[in-house]
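Open the model in a viewer and follow the stops below in order. Each one says what to select and what is found there.

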Amino acid sequence: MNDTFDFDRYDRVRPIRWTGDALELLDQRRLPFHVEYVRCETSEDVFDSIRALTVRGAPAIGIAAAWGLVLAAREIKAEDGAAAVLALEPAITHLNDARPTAVNLAWALARMRRVLASAGSDWREVLEREAGAIADEDLAANRHMGSLGAALIAPGSGVLTHCNTGSLATAGFGTALGVIRAGVAQQRIAQVFAGETRPWLQGARLTAWELQQDGIAPVLVADSAAAHLMTTGQVQWVIVGADRICANGDTANKIGTYQLAIAARHHGVKFMVAAPSSTVDMAMPDGAGIDIEERDAAELFHLGGVATAAGGITAWNPVFDITPHGLIDAIVTERGVIMQPDATAMQAAFGA
Ligand SMILES: CSC[C@@H](O)[C@@H](O)C(=O)COP(=O)(O)O
C-alpha cells in the first residue's frame, strides 16, 4: 500500500484568497451551481460573510476572521501594537460574535490579538503575517491529520461522512474529508457515503461537489438513511469534523452528528472525529457548556427558494449538536490520535 499522497493532484479548491488589499471568499451559498468569489473590503463585509455562511466550516471562519481583523486595521491609526489592540478591541469582539459554536473563530482572534499586543511600529505587517500563518498552519495540520486518520482504516472499508469538512471548510485538504481523501488515495476507503446534511445541504451541495473535483464519486444518502445504511454492512467508519472539542472529549459538530454516533455504536461501526488542535477548547469542561447556534427557522421552510413546509407553522433550527465522548472511538488532530477519548487522555494530549 502506498501511504504517500500526491497533494498537487487532489485538493485544488481554495475558499479563501487574500489579494493584498481584500479578502475573496468562494460563495458557499451558491455552490455547486455557481462558482463565484465574494470580495470583502472591510471587516464588516467579513462579519456579514461569516454570519451568512458565504464562508463556513470551523477552521475557515477562523481564518476569514483573522483576515477581517487585518481589514479592520486599515481603518485605525496606532503607533504600536499595544495601541492597535485597544483601537481594534471593538472589531475583535464584533467578529467573534459572528457565530457562537466553532471555537476556531475565538481561537484565531485571540492569537491575532496576542501577537499584536507585543508588536512594535511594524504591527500592521505582524498582523498580516499572522493571518497568513494561521492559514498555512491549518493546511499543514490537515495534511498531517489525513495520514494519521487514514492509518486507522482497514483496506476496502466504506465510510460515511456528514456536513462538509473539506477544503471548503478549511485552508485546504480538509479535516474529516482530508482523512477520506488520504484513505481513498491509499485504497483503504473503497466507498464514500455523504449525508445530505439538512437543512443547508453542506453534504449534498459541497462535499459531493468537492469530492467530484478530485475524481472521487461519493454516494449521496438522505440523513435519515444513515442507520439503515449501517445495517447493510457497507460502512465501517463514520468520519466527521468538529466545531469544538471539550476537555473531556465531548464534541460539537453539525446537527445530526450525535444521532450518527448513536447509530454507529449500535451497529458496531467505528466513529472518528478529525479536527486541528485549534478546535480543542480545554477551557470548556464538557459539552453542556457549549453555545449551540440556532439559525432562522426559515431555513426549514424553503429549499432553493421553493417552499417545502406547510405555511404558518413554527420550527426549531439548532445547527449543531454534542456527541458525548463515550460514543467517539478516535479523535484525530495534527498532534496525534486519541483512542477512546476522555478527560485523562485529553489532558495528557492538550493539557498545559
Ligand atoms: C472542518 S469543518 C468541521 C465542522 O465545522 C463542520 O462539520 C461543520 O459542522 C460546519 O458547520 P457550518 O454550519 O457549515 O459552518
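Select strand 9 (residues 251-254) together with strand 14 (residues 320-323): in this predicted model the two strands pair in the antiparallel sense over 4 bridges. Within that pairing, show Ala252 and look across to strand 14, where the bridge partner of Ala252 is Ile322.

Keep Ala252 in view and add strand 8 (residues 244-246), which pairs with strand 9 in the antiparallel sense over 2 bridges. Here Ala252 of strand 9 stands opposite Arg244. Strand 8 and strand 9 form a hairpin with 4 residues between the strands. Pick Gly249 in this hairpin and read the backbone angles: Gly249 takes a positive phi near 95°.

Next, select strand 7 (residues 237-240). Which residues cover its two faces, and are they buried or exposed? Trp237 and Ile239 lie on one side, Val238 and Val240 on the other, and all of them are buried.

Now add the neighbours of strand 7. Strand 4 (residues 157-161) runs parallel to strand 7 and is joined to it by 3 bridges. Show Thr161, which stands opposite Ile239. Strand 10 (residues 270-274) also runs parallel to strand 7, with 4 bridges between them. In strand 10, Val273 is the bridge partner of Val240. The two labelled residues of strand 7 are thus easy to place: Ile239 faces Thr161 across one pairing, and Val240 is bridged to Val273 across another.

Move to the open sheet of 3 strands in the order 1-2-3, where the pairing is antiparallel. Strand 1 (16-18) and strand 3 (37-40) are the edge strands, each pairing on one side only. From one strand to the next the twist averages 20°. Zoom in on strand 1 and strand 2 (residues 23-26), which pair in the antiparallel sense over 3 bridges. Trp18 stands opposite Leu23 of strand 2.

With this sheet still shown, add helix 1 (residues 43-51). Helix 1 lies across strand 2 and strand 3, running at about 140° to strand 3.

Extend the selection to helix 2 (residues 58-73). The axes of helix 1 and helix 2 come within 8 Å and cross at roughly 160°. An angle over 145 degrees counts as roughly antiparallel, so helix 1 and helix 2 are roughly antiparallel to each other. Their crossing is left-handed. To see the contact, show side chains for Ser43, Val46, Phe47, Ser49 and Ile50 in helix 1, which meet Ile61, Ala64, Ala65, Trp67, Gly68, Leu69, Leu71 and Ala72 in helix 2. These residues divide into 10 nonpolar, 3 polar and no charged.

For the last stop, select helix 5 (residues 123-150) and helix 6 (residues 176-185). How do they pack? Their axes are 7 Å apart, at an angle of about 60°. Helix 5 and helix 6 are therefore oblique to each other, and their crossing is right-handed. On helix 5 the contact is made by Asn142, Arg143, Met145, Gly146, Ser147, Gly149 and Ala150; on helix 6, by Gly178, Val179, Arg181, Ala182 and Gly183. Coloured by class, the residues of this contact divide into 4 nonpolar, 6 polar and 2 charged.

How values were computed: Residues numbered from 1 in each chain as written. Predicted model: local features only at pLDDT ≥ 70, side-chain atom pairs only at ≥ 80, totals over all residues. Buried ≥ 20, exposed ≤ 12 C-beta atoms within 10 Å, placed from the backbone. Pairing = 2+ DSSP bridges. Axes fitted to C-alpha atoms, helices over the stretch in contact; angles between N-to-C directions. Contact = placed C-beta atoms within 7 Å. Parallel < 35°, antiparallel > 145°, perpendicular 65-115°, else oblique. Left-handed = near helix turned anticlockwise from the far one by under 90°. Nonpolar A, V, L, I, M, F, W, Y, C, P; charged D, E, K, R; others polar.
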